[in-house]
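Please read the points below alongside the sequence and the model. They are written for someone coming to this entry without background.

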Amino acid sequence: DFLGLKHDLSYQFADAHLIRAGVDLRRLDSDYEYTSGLANDPASQTSIHLDPRGLTISGYVAYRAALHARLATEVGVRYDRQSYTDEHQFSPRLNGIWRIGDRSELRLGLGQYYQSQRIHELHVEDGETEFLPVELSRQAALTFQQRLPRDLSIRFDAYYRRLTRLHPRYENLENPIELYPETEMDRVLVSADHARLSGIELLFRTASQKPFYGTVSYAWSSAEDVIDGRGVPRNWDQTHAGKFLVGYRRPDKWYGSLSGTAHTGWPTTPATATATPLPGGGTQYDKIYGDRNSDRFPTYLRFDLKASRAFTIPGGSLRLDLELL
């Protein structure tokens, strides 16, 4: 449960100068009741009952100025405090935009961002009963956008993020989608020194308001934890990824689109088995896992076809949809 008060303001004291500021106060209260184990075996059961509560206070101030007719910058700082962990942080930010020409612009963003563990995010299923210190992300982003003739546009994005003070986390090696993942035998602890996330993306698109429209994109990216000096890809790491969409619409009548997605297979952990003969006959098989996320699934490929037709009927309307995956 939370009760909050938030206020934002802006003050423009000249044509080319603007100050923005704001504050956010929240009173938080949560209640954890967790029990696991065998229903017919009280000795195997563990129970956790917690009711943490506290305050979060955040505020920011930013100064935006047009240094030139084509160049503007914004510099700011954010303050955060969490009473239930007795921590506070200052986060500087810098943003800029340069309009190179009438049809092109370049944007730059630099800053550091703190992510605290929110009051409802204790992983009690893994035995966590105390809040962890905040995580820190230092990141940079660069965007170039060019408008082309006939309402076409092209956009290039690049980013880099370095994550430190990472929280230890639990993952399942084989099946990450489990109703009760903490009860599975493939549950492991991941404790990284830091993490690196980087990537570039190229996007080409047409005007969306025309009858025919479309987009095509390609991205190269890397997302890895650094553990004992060695890079280990995160579960959703995909080196290459591409998407496209082609659509057609007639107002209040027909709509259709074809889209596709392809990306490098996500990481997975290889497993083998050993066979041990039993004294009374039979064989016992034991699973042995290799290095975590040292293998990959095959390339992922997907196509979506969608069509829609609207009809006017007495007293209303009717729409038929068809989707093929």
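The numbered points go from the whole chain to single residues.

1. Overall form. The model is predicted. The protein chain has 23 strands and zero helices. Its radius of gyration is 26 Å, well over the 20 Å that the globule rule gives for 325 residues, so the chain is more spread out than a compact globule. Along the principal axes, the C-alpha atoms fill a box of roughly 85 × 55 × 50 Å.

2. Burial and contacts. Of the 325 residues, 28% count as buried. Among the contacts with a separation of 6 or more, 52% are between residues 24 or more positions apart.

3. Nonpolar cores. In soluble globular proteins, nonpolar side chains tend to be buried together. Here the largest nonpolar core has nine residues: L28, Y32, Y34, I48, Y84, I119, L122, V124 and F131. F131 is in contact with Y84, I119 and L122, and also with P52, T85, Q117 and R118, leaving aside its neighbours within four places in sequence. Apart from the largest core lies another, of six residues, including L163, A192, A195 and L197.

4. Strands 10, 13 and 14. Strand 13 (residues 194-205) pairs with strand 10 (residues 152-164) in the antiparallel sense, over eleven bridges. R155 has L203 of strand 13 as its bridge partner. Strand 13 also runs antiparallel to strand 14, and twelve bridges join these two. In that pairing, H194 has V226 of strand 14 as its bridge partner. The connection from strand 13 to strand 14 is a hairpin through six residues.

5. Aromatic pairs. How many aromatic pairs does a search of the whole structure find? The search finds six. One of them is the stacked pair of Y11 and F13, with 6.1 Å centre to centre and 25° between the planes. Y11 is exposed, with a relative accessible area of 51%, while F13 counts as partly exposed at 40% relative accessibility. Another pair, F212 and Y248, is tilted: the centres are 4.6 Å apart and the planes are at 40°. F212 lies in strand 14 (residues 212-227) and Y248 in strand 16 (residues 240-249), so this pair ties together parts that are 36 residues apart in sequence. F212 is exposed, with a relative accessible area of 59%, and Y248 is partly exposed at 28% relative accessibility. Y11 and F13 also belong to one aromatic cluster with Y63.

6. Charges over rings. Two arginines can be checked here. R26 lies over the face of F2, at 4.8 Å from the ring centre. R309 lies over the face of F311, at 4.6 Å from the ring centre.

7. Q146 in strand 9. Q146 is found in strand 9 (residues 135-148). Is this residue, Q146, buried or partly exposed? Because the cut-off for buried is under 20% relative accessible area, Q146 counts as partly exposed at 21% relative accessibility. Leaving aside neighbours within four places in sequence, Q146 is in contact with R103, S104, L152, S153 and I154. Q146 and D228 are 82 residues apart in sequence, and their C-alpha atoms are 43 Å apart in space.

8. Positive phi values. Most residues other than glycine have a negative phi, and most peptide bonds are trans. Which residue in the loop between strand 9 and strand 10 should be looked at? The residue is R150, placed in that loop. R150 has a positive phi of about 60° although it is not a glycine. R150 counts as exposed, at 77% relative accessibility. N293 also has a positive phi, near 55°, and is a residue other than glycine. N293 lies in the loop between strand 20 (283-289) and strand 21 (295-296). N293 is buried, with a relative accessible area of 7%.

9. T268 and its contacts. T268 is placed in strand 18 (residues 267-268). With a relative accessible area of 15%, T268 is buried. Leaving aside its neighbours within four places in sequence, T268 is in contact with N293, S294, D295, R296 and F297. N293, among these contacts, is the buried loop residue with a relative accessible area of 7%.

Terms used:
Residues numbered from 1 in each chain as written. Predicted model: local features only at pLDDT ≥ 70, side-chain atom pairs only at ≥ 80, totals over all residues. Heavy atoms only, no water. Phe/Tyr/Trp six-rings, centres within 6.5 Å; stacked < 30°, edge-to-face > 60°. Buried < 20%, exposed > 50% of the residue type's maximum accessible area, 1.4 Å probe, protein only. Helix = DSSP H or I, 4+ residues; strand = E, 2+ residues; numbered from the N terminus. Lys NZ or Arg CZ within 6 Å of the ring centre and 35° of its normal. Contact = heavy atoms within 4.5 Å. Core = buried A, V, L, I, M, F, W, Y, C linked by side-chain atoms within 4.5 Å. Pairing = 2+ DSSP bridges. Rg over C-alpha atoms; globule rule 2.2 N^0.38 Å.
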